[in-house]
Each structure stands twice: as C-alpha cells, then as structure tokens.
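Here is a quick tour for anyone opening this entry cold. Have a look at the sequence and the model, then read on for a walk through the parts.

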Amino acid sequence: MSTAASAAGGKARGTRPRTKDSRELLLGYAAKLFREKGYTATSVRDIVKRAHIEPSALYYHFASKQALLDAVLDRSITSVMAQVREALDQLPQEATPRERFCVAIATHIRSMVLHGDFALAGRRVMGQIPPALRRKHDALRATYGDFWQTLFSQAAQRNDFRDDAKLGLARMFLMGAINWTTEWFDPKIKSPEELAAVFCDILFAGLGPRPQTARATPARQRRSLQTVTT
C-alpha cells in the first residue's frame with residue numbers, strides 16, 4: 001500500500017466515532033425517543049435507525065434496551081444531583097439558607113435545560129419502568145429528595161420558616177414546580193437565576209403583603225447568585 005493510501009486510510013479511521021462518543025450518541029438518541037414515544041413503544045430498531053448505526057454497536061455498549069433505559073434514568077438523576085451539590089459547595093460558609101436555596105434551584109433548572117431529554121424521558125417512562133429498575137431509581141430519587149429535605153431542615157433551624165411549616169409537603173411542592181419547568185421555561189426570556197429568585201421569594205416570603213423591612217433581601221440574593229455563576 002502506498003504512503004498516500006495509508007494516510008487516507010488512517011484519516012478515514014480517525015473520523016469514525018470513538019467508543020465513548022458512540023455510547024454518548026446512543027444515550028442521547030435513546031433519551032429523545034423515550035421522551036417522544038415512551039419506553040414500551042421504542043424499539044432497538046428505532047434507536048439504531050435514529051443513531052445511524054448497526055444493532056451490534058448498540059449491544060457493544062448495552063446488553064439490552066432495559067440496560068439502555070437504566071443508563072438514561074441514571075443520567076436524568078445523577079447529573080442534576082452532582083451539579084447542585086457542586087454549586088452549593090462553592091458558596092461561602094456564611095451563605096444564608098435562602099441564598100443556598102436560590103443557588104440550588106437555579107442550578108437544578110439549568111441542569112434540567114442542559115439535560116432536557118433525559119429529564120423528560122424519566123418522567124415520560126415512569127409508569128413503564130420494569131419493577132427492579134423502578135426500585136433502583138426510586139432509591140436514587142429518594143436520595144436526592146433527602147438532600148433537599150436537609151436544606152429545608154437547615155432553614156427551619158435558622159427560623160426562616162414557621163414552626164408549624166410542613167417541610168415535607170413544602171419540599172414536594174418545590175420539587176414538583178422546578179421539575180415542571182422543563183415544559184415551559186425559556187432561558188431566552190428569563191435566566192435560571194431570575195426564576196430561582198422568584199421561587200425563593202414565594203418559598204420564604206409567601207404571597208401575602210411584604211413587610212417593608214424585607215425589601216433589601218433580593219439585592220443580596222442576586223449578588224450571591226452572581227458570585228456562583230461568574
């Protein structure tokens with residue numbers, strides 16, 4: 001073989017997707033299809049056709065469609081959880097509970113936008129997940145829920161909530177609200193930080209008349225958000 005032919009062959013081989021890239025490609029297309037059609041109605045043929053690959057390439061990475069679903073559900077939870085934890089770790093130790101909530105909410109929303117197909121796929125297939133897989137991912141979601149419950153408990157210890165506040169219900173209310181933003185939130189209209197500030201205002205100040213002494217709070221809150229995002 002000539003030198004030119006060898007170089008051409010090497011170049012052609014170099015343009016083929018790498019193993020890690022092909023796995024990510026499959027995950028992305030599977031998430032889109034699970035989001036659009038659900039788990040039951042999506043076949044392996046649908047996934048490989050959308051990804052423009054052979055079935056053997058899918059089975060190289062995933063033993064079955066259920067294993068692929070497992071990976072999609074993992075991504076829908078663990079990526080959000082990791083990013084929220086990292087954002088809170090960057091806050092100064094003296095950050096108030098309200099500031100921590102605002103950063104956590106903004107980061108959660110931003111991650112949902114970034115991984116939208118995974119988040120929506122997780123919600124779409126919820127009633128179709130095989131029982132063993134459902135138990136595994138219910139446990140993951142419970143871990144993330146406990147993380148948020150700790151934020152509520154810390155705020156309560158600082159007297160940021162009423163003594164009779166139902167913290168468990170408040171957590172479910174908040175998580176339901178921010179998870180549903182995938183259906184309507186447009187980052188071109190409002191930033192995750194701005195939306196988080198609105199959620200925090202509802203959570204900490206409620207919908208009743210605002211005391212005059214509380215009007216300085218949002219400015220400090222915005223400064224905290226800017227510190228994390230710059």
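## Starting point: Phe-152

Let's begin with one residue, Phe-152, which sits in helix 8. Helices here are DSSP runs of H or I with at least four residues, strands are runs of E with at least two, and both are numbered from the N terminus. Phe-152 is buried, at a relative accessible area of 1%. The word buried stands for under 20% relative accessible area, exposed for over 50%, and partly exposed for anything in between, using a 1.4 Å probe and protein chains only.

Which residues touch Phe-152, leaving aside its neighbours within four places in sequence? They are Phe-101, Phe-161, Leu-167, Ala-170, Arg-171, Leu-174 and Leu-203, where contact means heavy atoms within 4.5 Å. From Phe-152 to Gly-168 is 16 residues in sequence and 8.5 Å in space, C-alpha to C-alpha. Helix 8 also holds Gly-145, another buried residue, with a relative accessible area of 7%. Gly-145 and Gly-168 are 23 residues apart in sequence, and their C-alpha atoms are 9.6 Å apart.

## What kind of model this is

This is a predicted model, in which local features need pLDDT of at least 70 and side-chain atom pairs count only at pLDDT 80 or more, while totals for chains, interfaces and linings use all residues. Residues are numbered from 1 along each chain as its sequence is written, and side-chain values use heavy atoms, with hydrogens and water left out.

## The overall picture

How many helices and strands does the protein have? There are eleven helices and zero strands, so reading along the sequence you get α-α-α-α-α-α-α-α-α-α-α. The protein has 230 residues, and 40% of them count as buried. If you take contacts between residues at least 6 apart in sequence, 75% of them join residues at least 24 apart.

On the outside, the protein exposes about 13500 Å², and carbon and sulfur atoms supply 54% of that. Those areas come from the Shrake-Rupley method with a 1.4 Å probe; for residues, only the protein chains shown count as cover.

## The largest pocket

The largest pocket holds about 530 Å³ of space. To count as a pocket, a set of points on a 1 Å grid over the protein atoms alone must be open, with protein on both sides within 12 Å along at least five of seven lines; lining residues have an atom within 4 Å of a point. Grid points are joined across faces, edges and corners, and the volume is the space filled by probe spheres set on the points.

The lining has 21 residues, and those nearest the centre are His-108, Arg-141, Tyr-144, Met-175 and Asn-179. Helix 5 (65–89), helix 6 (97–114), helix 7 (116–124), helix 8 (131–157) and helix 9 (167–179) each give at least two residues to this lining. Sorted by class, it has eleven nonpolar, six polar and four charged residues. In this sorting, Ala, Val, Leu, Ile, Met, Phe, Trp, Tyr, Cys and Pro are nonpolar, Asp, Glu, Lys and Arg are charged, and the others, Gly among them, are polar.

## The second largest pocket

Next comes the second largest pocket, with about 410 Å³ of space. It has 18 lining residues, and Phe-161, Arg-162, Ala-170, Ile-202 and Leu-203 lie nearest its centre. Helix 9 and helix 10 (192–205) each supply at least two residues of the lining, and helix 9 has the largest share, with six. By class, the lining of the second largest pocket splits into 14 nonpolar, one polar and three charged residues.

## Inside and outside

Is helix 7 largely enclosed or left open? Seven of its nine residues are buried, so helix 7 is largely enclosed by the rest of the structure. The buried ones are Gly-116, Asp-117, Phe-118, Ala-119, Leu-120, Ala-121 and Gly-122. Two cysteines are buried as well: Cys-102 has 0% relative accessibility, and Cys-200 has a relative accessible area of 0%. Zero disulfides turn up in the whole structure, a disulfide being a pair of cysteine sulfur atoms within 2.5 Å.

Now for two loop residues. His-52, in the loop between helix 3 (44–51) and helix 4 (55–61), has a positive phi of about 60° although it is not a glycine. His-52 is exposed, with a relative accessible area of 71%. Asn-159, in the loop between helix 8 and helix 9, has a positive phi near 60° and is also not a glycine. Asn-159 is exposed, at 61% relative accessible area.

Conventions
1 Å grid on protein atoms, 1.4 Å probe; cavity = no way out; pocket = protein on both sides within 12 Å on 5 of 7 lines; lining within 4 Å.
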